[in-house]
Amino acid sequence: DTNPVTVDLCRELGLGDRLTAASDAAGRNRFLLLNGRLRLLPGSMWSFLGSGVLSWRGKLNLLAERFRPPRRDEADESIDAFVRRRAGGEVAETLADAFVTGIYAGDPTLLSARAAFPRLVRMEREHGSIRNGFVAAARKRRAEASAQGQPPGRAGRMWSFREGLSLLIETLRGRLRTPPVVGVAVQSVRRSQESGWQVRAEGRDAWTADAVALTCPAYQQAALLADEDAELAAKIDGIAYNRVAVVALGYRLADMPVSL
């Protein structure tokens, strides 16, 4: 809920009372595997100072982030370059790399900071540093909660539904005036002088459209556009993809060397 639009949409659809938050431990207890050991990521200033995640030089570089001058030009930069400039090389290599791999399964030296983490880039531009930006965001959150007569909530909570996230999609589908056509493999997308676009599927199925939004993977988009715009299809086909596997592991408590 750092960006509240999805939670707001759920409430607008009448699903607010069915939202369930992730456990506090799931959001609070994050570990990094460093040199063969699991290390708990610090959740406060005191735990940060005593943690072994960063060396003392790395910790000082991170603490000094608020005093570094903000970048004034609008040129884009990679996540790695952004973090190195703001907090130093150790933070970039140890923390930023792990977070980016976990979120995007990508290379922080190739991913755009503005595209991947626009909030952090905006904080530097508007508040002079990332830390000042987080302080301002917390202050704003407390003020809004106070104005509504509510206690300030913790930022960045993860939400789902007990029935699973498909509940949101099914509810949205039920609200559409025209039901969607599903289970059809589209073969091509072509411009049409009469209707704007023509979408052709397997067999004789075809539809006309004023606009087409392609949300399939880039390599599938390239195949759909190959006959319409070969140059565009080639550029889209050049977008790199990583294969990602999400693995859930379970352990007996007696086999755990430390409490998680």
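Which backbone oxygen lies 2.7 Å from a polar atom of the side chain of Gln-221? In this predicted model, the partner is the backbone oxygen of Cys-216. Gln-221 belongs to helix H11, which covers residues 218-225. With a relative accessibility of 16%, Gln-221 counts as buried, since the limit for that class is under 20%. Beyond its neighbours within four places in sequence, Gln-221 is in contact with Leu-214, Cys-216 and Ile-236. Cys-216 therefore appears twice in the surroundings of this side chain, as the residue whose backbone oxygen lies 2.7 Å away and as a member of the contact list, in a setting where Gln-221 is buried.

Ile-236, one of the contacts of Gln-221, directs attention to helix H12, which spans residues 230-237. Within this helix, the side chains of Lys-235 and Glu-231 form a salt bridge, with an N to O distance of 3.9 Å. The two residues are four positions apart, about one turn of the helix. Lys-235 is exposed, at a relative accessible area of 59%, and Glu-231 also counts as exposed, at 57%.

Other salt bridges join parts of the chain that are separated in sequence. The general principle is that side chains of opposite charge can pair when their charged atoms come close. The count for the model is 14 salt bridges. In one of them, Glu-163 pairs with Arg-18, and the closest N and O atoms are 2.8 Å apart. Glu-163 sits in the loop between strand S4 (159-161) and helix H10 (166-175), while Arg-18 sits in the loop between helix H1 (5-12) and strand S1 (19-21), so this pair ties together parts that are 145 residues apart in sequence. Both partners are partly exposed: Glu-163 has a relative accessibility of 43%, and Arg-18 has one of 35%.

A further salt bridge connects the side chains of Arg-85 and Glu-124, at 2.6 Å from N to O. Because Arg-85 lies in helix H5 and Glu-124 in helix H8, the pair ties together parts that are 39 residues apart in sequence. Here the two partners fall into separate classes of accessibility: Arg-85 is partly exposed, with a relative accessible area of 27%, whereas Glu-124 is buried, with 4%. Both residues also belong to a network of salt bridges that links Glu-65, Arg-71, Asp-73, Glu-77, Arg-85, Arg-86 and Glu-124.

The nonpolar interior may be considered next. In soluble globular proteins, nonpolar side chains tend to be buried together. The largest nonpolar core of this model has 20 residues, and those with the most contacts inside it are Val-53, Val-83 and Leu-95. At least two residues of this core come from each of strand S2 (31-34), helix H5 (79-87), helix H6 (89-104), helix H7 (113-116) and helix H8 (118-127). Helix H6 provides the largest share, with five residues. Helices H5 and H8, which carry the salt bridge partners Arg-85 and Glu-124, are thus also contributors to this core.

Val-53 illustrates the surroundings of a core residue. Apart from neighbours within four places in sequence, Val-53 is in contact with Leu-32, Leu-34, Arg-39, Leu-40, Leu-41, Pro-42, Glu-90, Thr-94 and Leu-95. Separate from the largest core lies another, of eight residues, including Val-7, Cys-10, Leu-13 and Leu-167.

The strands S5, S6 and S7 form two successive pairings. Strand S5 (residues 186-192) runs antiparallel to S6, and six bridges join the two. These strands make a hairpin with three residues between them, and Arg-190 stands opposite Gln-198 in S6. Strand S6 then pairs with S7, again in the antiparallel sense, over four bridges. In this second pairing, Arg-200 has Ala-206 in S7 as its bridge partner. The hairpin of S6 and S7 has four residues between its strands, and Gly-203 in the turn has a positive phi of about 70°.

Asp-205 lies in this same connection, the loop between strand S6 (196-201) and strand S7 (206-209). Asp-205 is partly exposed, at a relative accessible area of 39%. Its contacts beyond four places in sequence are Val-199 and Arg-200. The C-alpha atoms of Asp-205 and Val-184 are separated by 8.9 Å, although the two residues are 21 residues apart along the chain.

Methods:
Residues numbered from 1 in each chain as written. Predicted model: local features only at pLDDT ≥ 70, side-chain atom pairs only at ≥ 80, totals over all residues. Heavy atoms only, no water. Buried < 20%, exposed > 50% of the residue type's maximum accessible area, 1.4 Å probe, protein only. Contact = heavy atoms within 4.5 Å. Pairing = 2+ DSSP bridges. Core = buried A, V, L, I, M, F, W, Y, C linked by side-chain atoms within 4.5 Å. Polar contact = N/O pair within 3.5 Å; in protein donor to acceptor, adjacent residues only side chain to side chain. Salt bridge = Lys/Arg side-chain N within 4 Å of Asp/Glu carboxyl O.
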